[in-house]
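User: I would like a close look at one part of this chain, a single helix, and at how the rest of the fold is arranged around it. Please take it slowly and connect the pieces.

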Amino acid sequence: MKKYTEINDIKNIPQTITEAIALKKAPFEHKSLGKNKTLVMLFFNASLRTRLSTEKAAKNLGMDVICLQISNSWNLEFEDGTVMNLSTSEHIKEAAKVIAQYADIIAVRAFPTLKDKELDYAEVIMNSFSKYADVPVVNLESSTAHPLQALADAITINEFNSDAIPNVVLSWAPHPKALPQSVANSFVNMMQKLPVNLTITHPEGYELSTEITKDTQVSYDQEEALKNADFVYVKNWSSYTDYGQILSQDSDWMITQHKLNNAKFMHCLPVRRNVVVEDAVLDSDNSLVINQANNRTYAAQVVLKNILENL
Ligand code: CP
């Protein structure tokens, strides 16, 4: 693996899942691989799981880790040819090259504006680091994708699945804030590459990009979609068509124990209790959210290991 900015960077997903599960059993087996190698993590936004699990993964491989919250640094400029006489102090052309001198791998988290669809879906920040930093780049959640989360989710489904082809449902749920489509996009992208029967359910107006959904089944009837589900992945996202808008806060879409029946509940976290999902679900044995968060370490570790092996 040369980089991990998108799921397509994984050549063989089932093999990568198997390798991640092996790393989970023996996390320190490759402790010498990252010796004298540095991971620089750059956060344009807040994080709990991604920040900690990626650092833990890198340290399991013997890497040194440097983390920078970008709000504590200079305001970066991403446009070419700009007269920088306003709020930005440093151009990405210099910043990325400078950071690359301190890093063997750069990992970046940069959320979307949710105001400018073209800008967000052009992945300007992630692509600028890939363009100007001559070291591998890892996506810690970008404007439109969260590939490390999707890999952790695939590992979790693999661990808990007992059917040849499980029924997996991605359900939209209400949220008071406008959230990115990134987790939903990457989850759909990942499930399309695995032997699962995937259905997406959401209210009208919350259609994801057709470039993401392709021929995946979409239903506006949550109750119908949840019938016979083995895994229910719940996530809010703001509208793609009416870009970044909250079109509904209908609490009837909240996931309840009654709706879930015997299916396993999944969410990337953080989750708002009794808005997205009721307490009874999160507090039940059917909730996999803690397992998913644990697998973030091994998703990151298998990615870093594969990149280190190709440096
Ligand atoms: N799921 C996830 O990416 O969590 P954080 O935002 O806390 O990193």
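Analyst: The part to begin with is helix H12, which bends by about 25° at Asn295. The model is a predicted one, and what follows should be read with that in mind. Helix H12 covers residues 289-308, and at 1.5 Å a residue its 20 residues should span 28 Å; the end C-alpha atoms lie 29 Å apart, which agrees with that expectation. H12 is also mostly covered, since 16 of its 20 residues are buried, a word that here means under 20% relative accessible area.

What surrounds the helix can be approached through the nonpolar cores. The largest nonpolar core has 58 residues, and those with the most contacts inside it are Tyr4, Val138, Leu151, Leu170, Met190, Met191 and Val303. H12 gives the most to this core, with eight residues. Domain 1 (7-145 + 296-308) and domain 2 (147-292) both give residues to this core, so it lies between them. For a view at the level of one side chain, Val303 is a useful choice: leaving aside neighbours within four places in sequence, Val303 is in contact with Met1, Tyr4, Val138, Leu148 and Leu151. A second, separate core of 19 residues includes Ile99, Ala100, Val108 and Met126.

The division of the chain gives the wider setting. The chain is divided into domain 1, made of 7-145 + 296-308, and domain 2, made of 147-292. The C-alpha centres of domain 1 and domain 2 lie 25 Å apart, and the contact between them takes 32 residues from domain 1 and 31 residues from domain 2. The UniProt record, an unreviewed entry, lists residues 9-159 as "domain: Aspartate/ornithine carbamoyltransferase carbamoyl-P binding", and for this span the end C-alpha atoms lie 22 Å apart, with 42% helix and 16% strand. The same kind of record, again unreviewed, lists residues 182-305 as "domain: Aspartate/ornithine carbamoyltransferase Asp/Orn-binding"; here the end C-alpha atoms lie 24 Å apart, and the span is 35% helix and 13% strand.

Within the span listed as 9-159, Val135 deserves a separate look. Val135 lies in the loop between helix H5 (124-132) and strand E6 (137-139), and at 15% relative accessibility Val135 counts as buried, because the limit for that word is under 20%. Not counting residues up to four places away in sequence, Val135 touches Ala100, Ala103, Asp104, Ile105 and Ile106. The C-alpha atoms of Val135 and Gln101 are separated by 8.8 Å, although these positions lie 34 residues apart along the chain in the sense of sequence separation. Of the residues that Val135 touches, Ala100 is also included in the second core.

Within the span listed as 182-305, Ser219 and Glu223 can be set side by side. Ser219 lies in strand E9 (residues 217-219) and, at 15% relative accessibility, counts as buried. Leaving aside neighbours within four places in sequence, Ser219 is in contact with Ile200, Thr201, His202 and Ala225. Glu223 lies in helix H9 (residues 222-226), and Glu223 is exposed, with a relative accessible area of 65%, where exposed means over 50%. The C-alpha atoms of Glu223 and Asn161, 62 residues apart along the chain, are separated by 22 Å.

Some points of backbone geometry remain. Most residues other than glycine have a negative phi, and most peptide bonds are trans. Against that background, a cis peptide bond joins Leu269 and Pro270, with omega about 0°. Pro270 lies in the loop between strand E11 (264-266) and helix H11 (279-282), and Leu269 lies in that loop between E11 and H11 as well. Leu269 itself has a phi near 65°, a positive value in a residue other than glycine, and Leu269 is buried, with a relative accessible area of 16%. Leu114 also has a positive phi, of about 60°, although it is not a glycine. Leu114 lies in the loop between strand E5 (105-109) and helix H4 (117-121), and Leu114 is buried, with a relative accessible area of 12%.

Terms used
Residues are numbered from 1 along each chain as its sequence is written. This is a predicted model: local features need pLDDT of at least 70, side-chain atom pairs count only at pLDDT 80 or more; totals for chains, interfaces and linings use all residues. Side-chain values use heavy atoms; hydrogens and water are left out. UniProt positions are given in the numbering used here, feature names are shortened, and annotations may be inferred rather than shown by experiment. Helices (H or I, at least four residues) and strands (E, at least two) are DSSP runs, numbered from the N terminus. Buried means under 20% relative accessible area, exposed over 50%, partly exposed in between (1.4 Å probe, protein chains only). Contact means heavy atoms within 4.5 Å. The expected span of a helix is 1.5 Å times one less than its number of residues. The bend at a residue is the angle between axes fitted to the seven residues ending there and the seven starting there. A nonpolar core is a set of buried Ala, Val, Leu, Ile, Met, Phe, Trp, Tyr and Cys residues joined through side-chain atoms within 4.5 Å. Domain bounds come from an automatic or database domain assignment.
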